[in-house]
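Colleague: Please give me a close account of the pockets in this model, with the terms defined as they arise.

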Amino acid sequence: MPPVIRHAEPADLAAVKAIYDQASVYANTLQLPFQPQAKWQSLFEPQPGFYNLVAELDGQVVGQLGLQVMQNPRRRHVAEFGMGVSEPFQGQGIGSALLRAALDLADNWLALRRVELLVYSSNESAIALYERFGFEVEAELADYAYQYGNYISALVMSRLRNTA
């Protein structure tokens, strides 16, 4: 059964925090381990241009994607996103479902031209997912972040919607 993708509700806070508390999830984001629940509360407060999606499977929140439309008037055609999928559900299409929903929102409802992201160059499964959805590497950022005692690089990827 495919996951249900919906807007996150305040009742999802603990489930979203639990996803990002998992080692493989926080290791592949800029999040730190041992974050307090208050840090995640901001995802559930109204913010201009922010769309907070969750993937629910059998009543359990198993993934989250935040899509942020840029608020600078000269970049309102652009959004960036970040996402996480619970470890037991990785590789099962949850990320694809979240990304498909976010891109539908971007393309068909928000009139966005560009969607961009940063991904660690070592995160091969995420890179493959983004490439399947038409994202291309634009640049590599050396020593971008610190992970497990080492500096790691990140890729800037984007997808441009053809408006012709």
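Modeller: Helices (H or I, at least four residues) and strands (E, at least two) are DSSP runs, numbered from the N terminus. The model is predicted, so local features need pLDDT of at least 70 and side-chain atom pairs count only at pLDDT 80 or more, whereas totals for chains, interfaces and linings use all residues. Residues are numbered from 1 along each chain as its sequence is written, and side-chain values use heavy atoms, without hydrogens and water.

The largest pocket (an open set of points on a 1 Å grid over the protein atoms alone, where a 1.4 Å probe fits, with protein on both sides within 12 Å along at least five of seven lines) has a volume, the space filled by probe spheres set on points joined across faces, edges and corners, of about 1300 Å³. Its lining (residues with an atom within 4 Å of a point) comprises 43 residues, of which T29, G82, M83, G84 and Y130 are the closest to the centre. At least two lining residues come from each of α2 (23-27), α3 (37-41), β3 (60-69), β4 (78-85), α4 (94-108), β5 (114-120) and α5 (124-132); β4 supplies the largest share, 6 residues. By class, the lining holds 20 nonpolar residues (Ala, Val, Leu, Ile, Met, Phe, Trp, Tyr, Cys and Pro), 4 charged (Asp, Glu, Lys and Arg) and 19 polar (the others, Gly among them).

The second largest pocket encloses about 180 Å³. Its lining includes T29, Y120 and Y148. Two or more of its lining residues come from each of α2 and β6 (136-147), and β6 gives the most, 3 residues. This lining has 9 nonpolar residues, 3 polar and no charged. T29 thus appears in both linings.
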